[in-house]
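I opened my notebook to get to know a new structure, one lookup at a time. Come along and check each entry against the picture.

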Amino acid sequence: QVQLVESGGELVQPGGSLRLSCVASGITLDSYALTWFRQAPGKEREGIACTRNSDGVQYYADSVKGRFTISRDNAKNTVYLQMNSLEPEDTAVYYCALDRRPKYASTWSLLEYYEHWGQGTQVSVSS
């Protein structure tokens, strides 16, 4: 069965950095578009970073652009999210998700377009 396991979340101070990892099993990531979502308490789950399966084109939410970077290592079946200059507003549970269907600017952040999800990892940014 397909499993996605996120790790790397922890408590950090504002301005700090973290790198999240999502390791897949029972699947090969090179066939999938990969996206990181996050959900803060009382908020909707939102897409923050995506890398396409075909050409590696990336999409970012405006709130994280320039601070976060998504990358993939197909040999390790792992997707990463490098997070720099963290702010309290970045506090959330972070999820990785993947889907085989093509992703575009208008669809990459839609929850219903993803077929596999991890269980999430908690990121807390506080002084």
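**Entry: two loop residues.** I began with Ser85, which I found in the loop between β8 and β9. This is a predicted model, so I am reading computed geometry throughout. Ser85 caught my eye because, although not a glycine, it has a positive phi of about 50°, and I noted it as partly exposed, at 40% relative accessibility.

I then looked up Asn77, which also has a positive phi, about 55°, without being a glycine. Asn77 sits in the loop that runs between β7 (68-73) and β8 (78-83). Is Asn77 buried or exposed? With a relative accessibility of 13%, Asn77 counts as buried.

**Entry: the elements.** Next I listed the secondary structure of the chain. I found 11 strands and zero helices. Reading from the N terminus, I wrote down β-β-β-β-β-β-β-β-β-β-β.

**Entry: the cysteines.** I wanted to know which cysteines are bonded. A disulfide is a covalent bond between the sulfur atoms of two cysteines. My count came to one disulfide. It joins Cys22 to Cys96, with 1.9 Å from S to S. The pair links distant parts of the chain, 74 residues apart: Cys22 belongs to strand β3 (residues 18-25) and Cys96 to strand β9 (residues 92-99). I also noted that the link of Cys22 and Cys96 is right-handed, with 40° about the S-S bond. Both of these cysteines, Cys22 and Cys96, are buried.

Why is there no bond for Cys50? Its closest cysteine sulfur is the one in Cys96, and at 12 Å that is too far for a bond; the cut-off is 2.5 Å. Cys50 counts as buried, because its relative accessibility is 0%.

**Entry: the whole chain.** Finally I stepped back. The C-alpha trace spans about 40 × 30 × 25 Å along its principal axes. I compared the radius of gyration, 13 Å, with the value near 14 Å for a compact globule of 127 residues, and the two agree. Buried residues account for 43% of the 127 residues. Among contacts with a separation of 6 or more, 61% are between residues 24 or more positions apart.

For the surface, I wrote that the chain exposes about 6500 Å², of which carbon and sulfur atoms supply 46%. My last lookup was charge: there are 12 positive and 14 negative charges, and their mean positions are 3 Å apart.

Terms used:
Residues numbered from 1 in each chain as written. Predicted model: local features only at pLDDT ≥ 70, side-chain atom pairs only at ≥ 80, totals over all residues. Heavy atoms only, no water. Helix = DSSP H or I, 4+ residues; strand = E, 2+ residues; numbered from the N terminus. Buried < 20%, exposed > 50% of the residue type's maximum accessible area, 1.4 Å probe, protein only. Rg over C-alpha atoms; globule rule 2.2 N^0.38 Å. Contact = heavy atoms within 4.5 Å. Areas by Shrake-Rupley, 256 points an atom, 1.4 Å probe, with all protein chains shown as cover. Lys, Arg positive; Asp, Glu negative; His and termini not counted. Charge placed at Lys NZ, Arg CZ, Asp CG, Glu CD.
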